[in-house]
Amino acid sequence: MTSTESRFRLTDLRLPFVGAPMAGGPSTPALAAAVTAAGGLGFLAAGNRPVAGVRADVEQVRALTEGPFGVNLFVPQAANTAAPGTAVDPAVHLSVAAYREALQDTAHRYGVELPDTDPADDDGWAAKLELVEELRVPVVSFTFGLPAAAVLERLAAVGTTTSVTVTSVPEAEAAVRAGARLLTVQGPAAGGHRGTHRAEDVPGEEPLVELVAAVRAAVAVPIVAAGGIASAAAADTALAAGADAVQIGTLLLRTHEAGTSAAYREALGSGRYTETAVTRAFSGRLARGVRNGFIDRFSDIAPAAYPQVNQLTKPIRAAAAQTGDPEAIALWAGPSFAAAREVPAAEVVRGILHAPSCS
């Protein structure tokens with residue numbers, strides 16, 4: 001069988017459902033396998049994860065299911081054709097230094113030291129590309145930028161279907177020109193990071209349905225609609241607008257198979273938090289999370305500097321999670337986070353797509 005014949009297509013799925021890759025713990029092999037077993041496409045998150053951990057995750061998914069799955073990679077600036085290079089503007093360097101000073105009291109409160117920052121950190125980009133190529137992962141998606149056409153061609157040569165996250169029509173058109181076989185079209189209500197191709201960009205507020213329709217009119221590749229879909233009605237609307245599948249993240253955060261921390265789970269279901277906000281406070285990139293004390297305190301002063309801000313806040317976030325304090329955890333979630341329930345992932349898949357139980 002040739003690589004072209006074996007390449008994954010969205011039409012191979014029993015149900016047009018994609019489990020969002022959620023870095024930082026929620027995405028697990030068990031969750032990816034459960035979504036795939038339910039008829040959708042499960043995903044692993046390779047961002048901010050060591051290469052050895054990604055390999056182990058892929059091997060575990062394959063031990064749990066024979067169905068298709070994907071791995072999501074973060075595109076570092078040096079490999080991003082939309083914002084190439086690693087040189088740091090002196091003004092950005094100064095803003096990161098100022099943010100470090102602003103974080104010192106919080107770091108002391110949690111008993112941690114703020115690390116040195118490295119703007120050239122590429123999250124093991126080359127090694128992770130080699131790994132997904134070696135393992136012939138069925139689907140590899142890219143977030144935070146647009147990799148070179150040669151990267152997409154390299155993966156296509158081993159039968160991998162490539163996908164790029166986009167937040168606008170120009171980003172979609174550029175991704176297709178580079179060779180992306182799928183697009184994840186992300187709207188403004190998305191939980192977690194907005195997938196703009198440049199860290200400093202502020203994405204538009206065009207509603208997901210309108211964005212999907214605009215991208216559908218501009219390109220011919222299959223589209224996965226993402227961002228704020230938390231009901232069967234919302235999924236139906238996105239599919240009717242031209243999406244070929246829907247991507248769900250927030251509703252999977254409290255599922256039995258997710259690796260979401262206890263404090264994170266409790267915060268989502270406690271009723272103590274009532275709204276989300278878009279912030280750069282945790283990572284330097286715009287991302288939507290449950291509004292907590294850290295967001296309120298630092299959103300107005302956090303610079304557009306990724307990965308430096310992410311590096312600075314990492315020990316604070318880890319200490320807060322360890323002590324069960326949600327006030328300094330990045331509680332990434334969409335506006336409908338209160339709808340997330342402690343259920344098997346298969347129940348979320350069925351509920352979004354009106355699918356009958358297989359039991």
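What is the volume of the second largest pocket? In this predicted model, the second largest pocket has a volume of about 640 Å³. Its lining is made up of 33 residues, and those closest to the centre of the pocket are Q77, P119, Y306, P307 and Q308. When the lining is sorted by class, it contains 16 nonpolar, eight polar and nine charged residues. The element that gives the most to this lining is α12, which supplies four residues.

Two of the residues closest to the centre of the second largest pocket, Y306 and P307, are also joined to each other by a cis peptide bond, for which omega is about 15°. P307 has its place in the loop between α11, which covers residues 293-298, and α12, which covers residues 308-323. The cis bond between Y306 and P307 can thus be viewed together with the lining of the second largest pocket, where both residues are found.

A further loop of interest runs between β2 (42-45) and α3 (51-64), and P50 is found there. P50 counts as exposed because its relative accessibility is 53%, and the cut-off for exposed is over 50%. Although P50 and D123 are separated by 73 residues in sequence, their C-alpha atoms are 8.1 Å apart in space. The loop between β2 and α3 also holds N48, which counts as partly exposed because its relative accessibility is 45%, a value that falls between the limits of 20% for buried and 50% for exposed.

The backbone of N48 also deserves attention, since the phi angle of this residue is near 60°, a positive value in a residue other than glycine. A positive phi in a residue other than glycine is likewise found at R136, where the angle is near 50°. R136 lies in the loop between α5, spanning residues 125-134, and β4, spanning residues 139-143.

In the interior of the model, the largest nonpolar core comprises 98 residues, of which V71, F142 and L183 touch the most other members. Apart from this core lies another one, made of ten residues, including L10, V139, V224 and A245.

Methods. Residues are numbered from 1 along each chain as its sequence is written. This is a predicted model: local features need pLDDT of at least 70, side-chain atom pairs count only at pLDDT 80 or more; totals for chains, interfaces and linings use all residues. Side-chain values use heavy atoms; hydrogens and water are left out. Helices (H or I, at least four residues) and strands (E, at least two) are DSSP runs, numbered from the N terminus. Buried means under 20% relative accessible area, exposed over 50%, partly exposed in between (1.4 Å probe, protein chains only). A nonpolar core is a set of buried Ala, Val, Leu, Ile, Met, Phe, Trp, Tyr and Cys residues joined through side-chain atoms within 4.5 Å. On a 1 Å grid over the protein atoms alone, a cavity is a set of points where a 1.4 Å probe fits but cannot get out, and a pocket is an open set with protein on both sides within 12 Å along at least five of seven lines; lining residues have an atom within 4 Å of a point. Grid points are joined across faces, edges and corners, and a volume is the space filled by probe spheres set on the points. Ala, Val, Leu, Ile, Met, Phe, Trp, Tyr, Cys and Pro count as nonpolar, Asp, Glu, Lys and Arg as charged, and the others, Gly among them, as polar.
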